[in-house]
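Me: Can you walk me through this structure? I'd like the fold first, then the cysteines.

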Amino acid sequence: MPQNEVISPLSVIDDKGHPHNFGWSKKPCFFYDPAMVYESRNKITEYDRYIVFSATHLVVFEIRDDGCIGYMGVSVISLRDKKRSSQFFKTFFPLGTYELPTSSAAGSVHWKKLKTRLDFICMDNGVKIIKADIPKFGHNRSMRGALVLMEPSSAQSLVTNQPWRNEKFAFRYARCSPWFSAEGVIQFGSSEIIFTKGNGWAIYDWNRCVRPKNDTRYWAAAGGLSSGRQLSLCVGYSLADFSMGTENGFFIDGNLHKLDQVTFHVPMTDLLAPWRFTSNDNRLEMTFHPHQERIDKRTMLFYNSTRRQVCGFFSGKVQIDDGSVIEFQNLTGFAERSKTRF
């Protein structure tokens, strides 16, 4: 399928407030301003999500504004003993008050409520810093710490701007960067979770969109080392129109190898059974071995959202742009299925 690669700066909104300039890019070259959107503010969704992981733990940081409801959330997942703990702080009708930046490459986020604080700090050199201080984090434990996320030299992201076929105002402008290395310490209760270079990784998931009325989205991302090289991936699809650019890519040392359509073969009767992934161009064959499941549910009057996220390990092979085949084993990551209704 031909796809539209964008290589120069373009706005995702035209002068009438309608989405346009659909396609994909290796850099965050699209321009987004919620003030330009024709739809009302309560139909805009904005979120920043960081998934930080090692061989033993996976920690998810997310701040999300769905217009009618928003939240700041942190989840700590042990990949060894299958234990997990989450803490969420809800806000009704945030409507942009989180002040999430309009660019994925600049701007910081600071959230505070009483003694609880979460900071996402974006530095000029591409380094991102996460600071957390949550005095009461599930079962009266505390969680606090700081992480430094560093990108590979000359790293490329997978940036997409996608429309919906039957909803003229709906679009999703997203960036995935699954290649950050992570260093730092999270103090969780009486234990420490340590991330070191070569053993700590992070996935940056950034989204700005006007929501469709209903959507079902499949998405997966993973990363790690193989034969001394950093390998990472992100694949997914939803009810959006992907004809101008899919959100599927494989990264080697931060360099993107773009993939076309990827299909998730999901065992719906048991999400902890192995999943298969295949591509229409036969460049990707991959198996996901789940470890444990985490379910997030949000309900408010006409709003309903359910995310089933499964953590585990990815193995398989991919054909990169020069035609050679890369095999990989046990990349740590997750796959998820999200359903939303507004």
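Reply: Here is a quick run through the fold, the surface and the cysteines.

Reply: Bear in mind that this is a predicted model, where local features need pLDDT of at least 70, side-chain atom pairs count only at pLDDT 80 or more, and totals for chains, interfaces and linings use all residues. Residues are numbered from 1 along each chain as its sequence is written, and side-chain values use heavy atoms, leaving out hydrogens and water.

Me: How many helices and strands does the chain have?

Reply: Zero helices and 24 strands, taking DSSP runs of H or I with at least four residues as helices and of E with at least two as strands.

Me: What does the C-alpha trace span along its principal axes?

Reply: About 55 × 50 × 45 Å.

Me: And how much of the chain is buried?

Reply: Of the 342 residues, 58% count as buried, meaning under 20% relative accessible area with a 1.4 Å probe, protein chains only.

Me: Switching to cysteines: how many disulfides are there?

Reply: The count is zero, where a disulfide is a pair of cysteine sulfur atoms within 2.5 Å.

Me: Why is there no bond for Cys68?

Reply: Because the closest cysteine sulfur, in Cys209, is 12 Å from the sulfur of Cys68, too far for a bond.

Me: Are those two buried or exposed?

Reply: Cys68 counts as buried at 3% relative accessibility, and Cys209 is buried too, with a relative accessible area of 9%.

Notes: Buried means under 20% relative accessible area, exposed over 50%, partly exposed in between (1.4 Å probe, protein chains only).
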